[in-house]
Amino acid sequence: MNKFYITTPIYYVNDKPHLGHAYTTIAADCLARYYRKKIGKDHVQFLTGTDEHGKKNAEAAEKLGLEPQAFVDRQAEIFQKAWANLNISHDIFARTTNPDHYAAVSQFMQKLYDQGDIYEGVYEGLYCVGCEKFLTEKDLVDGLCPDHKRKPELLKEKNYFFRLRHYLPKVQKLIERGDVVIEPDARKKEVMGLFKQQLDDFSVSRENIPWGIPVPWDESQTLYVWVEALQNYLSFAGYGLREDDFKKWWPADLHLMAKDIVKFHAIYWPALLLAAGLEPPKKIFAHGFFTINGQKMSKSLGNAIDPEEMVQEFGIDATRYLLLSQFPFGQDGDIQAGRFVEKYNADLADGLGNLVSRVTSMVQSYLNGQIREKKIKREYDVKKMNKDMEALRFTEVLDAVFRIIAETNKKINDTEPWRKAKEGKEEDVSDILSEAVLRLRDVAEVLAPFMPQTSEIIMTSLSDFNNIQKPPALFLRKP
Ligand code: MSP
């Protein structure tokens with residue numbers, strides 16, 4: 001692999017970022033950081049951004065008495081701040097109200113229209129603004145959209161349709177053959193199941209949604225927000241505008257998201273790309289949906305956790321760690337917010353933080369800040385760790401690292417270097433502490449994508465073997 005182009009979904013800006021958005025974005029950030037180290041900074045492109053058109057955003061603006069553009073400008077800034085606050089290292093922040101996106105999308109859609117892949121028709125169906133998609137009667141629970149608890153609108157209007165059915169067999173083959181990888185496997189099975197249902201051509205425009213990109217050949221219509229939003233992955237990689245960039249980055253190596261939007265990414269998106277003569281993404285990974293303390297995250301239940309507040313309480317790196325270490329990535333799981341403090345104290349304050357602090361203190365007091373370079377057998381299998389990382393098995397990686405931390409702490413307790421120092425056994429003390437420092441450097445290296453600041457502090461304080469430094473406390477124990 002000589003380049004890695006990774007994307008998160010671009011999030012709707014109708015509300016502020018919540019923990020679900022943060023979860024995906026932190027995971028993507030870890031991967032981007034991992035690959036930058038592996039293949040070089042210039043070979044990694046990490047895109048996140050905001051999905052700013054459509055009725056959902058327009059309604060939110062209206063509620064506040066704001067013009068849509070003013071509203072989305074404000075919201076996009078809030079998202080950008082939230083990501084800065086979590087030390088997200090994206091290279092691109094894609095906003096769909098950017099004129100370059102508009103130009104690229106217009107070019108893409110016009111091409112499909114000119115070659116006959118888009119035709120005019122009438123759509124009649126139930127539309128949920130919360131989902132920004134059409135639902136069928138089967139999808140409803142008590143007449144309401146189960147996700148948004150709102151009654152879908154009945155729409156009957158002229159729409160333009162994309163010839164999805166024509167491309168379906170090709171998309172199916174791509175997925176079957178693994179040319180487009182869908183992970184985890186359960187998601188792939190779900191997607192394969194969708195091909196067995198009757199999937200219809202889908203509508204790519206709307207008649208009465210003024211907030212969006214006009215259909216290039218018929219300005220009385222606006223492009224359907226999803227069709228346009230998917231194209232952000234192309235337009236911000238240079239499609240139609242910066243051909244050299246585009247050649248370098250396309251196809252995307254990984255679209256990361258949760259399972260809620262896998263159908264759009266695994267079926268509609270490759271079909272649109274095939275129609276445009278472009279390569280489909282290499283991989284789609286759809287992680288699970290999480291609950292908080294066993295309940296669906298929702299404003300009305302009052303259990304929605306604001307990522308910003310979490311950072312205020314625990315700091316950036318601890319927040320990143322606490323979220324990604326909760327349950328295996330890819331599965332549905334529960335964020336046990338009630339256990340954050342306990343886990344923070346156990347793993348970070350008493351585990352990693354304490355180990356760094358005691359080791360560096362002892363090297364300073366007993367060894368004058370000096371340790372010996374020595375050969376140690378790594379306690380983890382580097383190849384396996386990399387493999388786990390590349391397969392997005394974050395909890396495996398974190399578990400392995402925290403096992404090393406616990407074992408190193410235990411070894412120090414068992415060998416009691418403080419006692420050996422008193423007895424004047426300097427060789428032994430040097431042996432024990434040199435090994436601990438080297439272990440800590442390994443730990444810091446593997447943790448770097450997850451906890452970049454912490455890792456950097458540890459690495460800096462342990463970089464000079466003749467002058468090991470004691471850093472300020474990394475994690476203060478919480479009451
Ligand atoms: N705007 C579309 C995506 C367009 S991409 C071309 C959209 N936006 S969204 O704001 O609703 O974000 C959905 C994504 O947020 C999910 O796919 C997932 O990445 C994240 N999550 C939202 N809630 C979540 C959970 N409760 N659990 C895990 N991830 C969650 O859909």
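**Exercise 1.** Which residue stands opposite Leu223 in β11? Work outward from that pair to the order of the strands in the sheet.

*Solution.* The model is a predicted one, in which local features need pLDDT of at least 70 and side-chain atom pairs count only at pLDDT 80 or more, whereas totals for chains, interfaces and linings use all residues. Residues are numbered from 1 along each chain as its sequence is written, and side-chain values use heavy atoms, with hydrogens and water left out.

Step 1. The partner of Leu223 in β11 is Ser205. Strands here are DSSP runs of E with at least two residues, numbered from the N terminus, while helices are runs of H or I with at least four.

Step 2. Strand β9 (residues 205-206) and strand β11 (residues 218-223) run antiparallel and are joined by two bridges, and two strands count as paired if DSSP finds at least two bridges between them.

Step 3. Strand β10 (residues 214-215) is likewise antiparallel to β11, with two bridges joining them; here Pro214 stands opposite Thr222 in β11. With two residues between them, β10 and β11 form a hairpin.

Step 4. The three strands therefore give an open sheet in the order β9-β11-β10 with antiparallel pairing. Its edge strands are β9 and β10, each of which pairs on one side only.

**Exercise 2.** Describe the surroundings of the ligand, beginning with the residues and ending with the buried area.

*Solution.* Step 1. The ligand is surrounded by 24 residues, the closest being Ile10, Thr24, Asp51, Ala258 and Asp260; a residue is near a molecule if one of its heavy atoms lies within 4 Å of it.

Step 2. By class, the shell divides into 14 nonpolar, eight polar and two charged residues, where Ala, Val, Leu, Ile, Met, Phe, Trp, Tyr, Cys and Pro count as nonpolar, Asp, Glu, Lys and Arg as charged, and the others, Gly among them, as polar.

Step 3. Elements that each supply at least two shell residues include α1 (19-39) and β12 (254-258), but the largest share, four residues, comes from β1.

Step 4. Oxygen atoms of the ligand lie 2.6 Å from a polar side-chain atom of Thr24, 2.8 Å from a polar side-chain atom of Asp260 and 3.0 Å from a polar backbone atom of Ala258. Taken alone, the ligand exposes 680 Å², of which the protein buries 93%, with accessible areas from the Shrake-Rupley method and a 1.4 Å probe.

Notes:
Polar contact = N/O pair within 3.5 Å; in protein donor to acceptor, adjacent residues only side chain to side chain.
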